[in-house]
Amino acid sequence: VVQNHTLISMCPLESVTEMSPYSPISLGSIVLSPDEAYSYKSRWPQAYACGRLYHRKLFEIHRYPIGRQWEDLFTTHKLLFQIDQISYIPTPMYYYFINENGIVRSKWTQKKMHQLDAFEELIVFLKRKNAVQSYPVAVRSYFSCIHLNYLGVEESAYADAEKRAYR
């Protein structure tokens, strides 16, 4: 943040379990536009709140919604697109523990529909911003979310079908 004179710094997260090996960290950063940062080297929107440092003034306009699941999916893009440049450290520096009982892996409830609401808001937002890199990633993720969470398709089967489709 200081080195690149930006208000947000972000890095990828690495999902880990109790058995995951530790990865060494090497630092160095690049500067990205919000559109680049939101989809950088990922098939999924960089919507999660973790792995980020935000200047507090960015929260004067946008706050995480209270009572909604997937609150980072509702908010992160609004924070990123408030500024022109974002520092990005390509090395994972945030280790996200996979909680088998957490929101992502829990059984379906009505609150899981918040994820679709958030994706729909995100897609409209990115289209308005003419986010040519992030928009297709968000649309693809929206349909993936429907397949994986609402149509009962197993993640491994969906991933296999997706690989075949991209060949």
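Which residue forms a salt bridge with glutamate 121? Keep that in mind as you load the model, which is predicted, and start with helix α3.

**Stop 1: helix α3.** Select residues 113-128, the stretch that makes up α3. Its 16 residues should span 22 Å at 1.5 Å a residue, and the end C-alpha atoms are 23 Å apart, which agrees. Now colour the buried positions: His114, Gln115, Leu116, Ala118, Phe119, Leu122, Ile123, Phe125 and Leu126. As you look along the helix, remember that an α-helix has 3.6 residues a turn, so residues three or four places apart point the same way. Just past the end of α3, click on asparagine 130, where phi is positive at about 55°.

**Stop 2: the neighbouring helix.** Add residues 71-80, which form α2. The α2 and α3 axes come within 8 Å and cross at roughly 20°. That angle makes α2 roughly parallel to α3, and the crossing is right-handed. To see the contacts, show side chains for Leu73, Phe74, His77 and Lys78 on the α2 side. Their partners in α3 are His114, Gln115, Asp117, Ala118, Phe119, Glu121, Leu122 and Phe125. Among these α3 partners, Leu122 and Phe125 are buried.

**Stop 3: the opening question.** Select glutamate 121 and lysine 78: these two form a salt bridge, with their closest N and O atoms 3.9 Å apart. The pair links distant parts of the chain, since glutamate 121 belongs to helix α3 and lysine 78 to helix α2, 43 residues apart. Turn on the surface and check both ends: glutamate 121 is partly exposed at 36% relative accessibility, and lysine 78 is partly exposed at 24%.

**Stop 4: the other bridge on this tour.** How many salt bridges does the structure hold? There are 2. In general, side chains of opposite charge can pair when their charged atoms come close. Select aspartate 117 and arginine 68, whose closest N and O atoms are 3.0 Å apart in a salt bridge. Aspartate 117 sits in α3, while arginine 68 lies in the loop between β4 (52-54) and α2, so this pair ties together parts that are 49 residues apart in sequence. Are these residues buried, partly exposed or exposed? Aspartate 117 counts as partly exposed at 32% relative accessibility, and arginine 68 is partly exposed too, with a relative accessible area of 28%.

**Last view.** Show α2 and α3 together with both bridges: glutamate 121 with lysine 78, and aspartate 117 with arginine 68.

Key. Residues are numbered from 1 along each chain as its sequence is written. This is a predicted model: local features need pLDDT of at least 70, side-chain atom pairs count only at pLDDT 80 or more; totals for chains, interfaces and linings use all residues. Side-chain values use heavy atoms; hydrogens and water are left out. A salt bridge is a side-chain nitrogen of Lys or Arg within 4 Å of a carboxyl oxygen of Asp or Glu. Helices (H or I, at least four residues) and strands (E, at least two) are DSSP runs, numbered from the N terminus. Buried means under 20% relative accessible area, exposed over 50%, partly exposed in between (1.4 Å probe, protein chains only). The expected span of a helix is 1.5 Å times one less than its number of residues. Axes are lines fitted to C-alpha atoms, for helices over the stretch in contact, and angles run from 0 to 180 degrees between N-to-C directions. Angles under 35 degrees count as roughly parallel, over 145 as roughly antiparallel, 65 to 115 as roughly perpendicular and the rest as oblique. A crossing is left-handed if the near helix is turned anticlockwise from the far one by less than a right angle, and right-handed if clockwise. Contact means heavy atoms within 4.5 Å.
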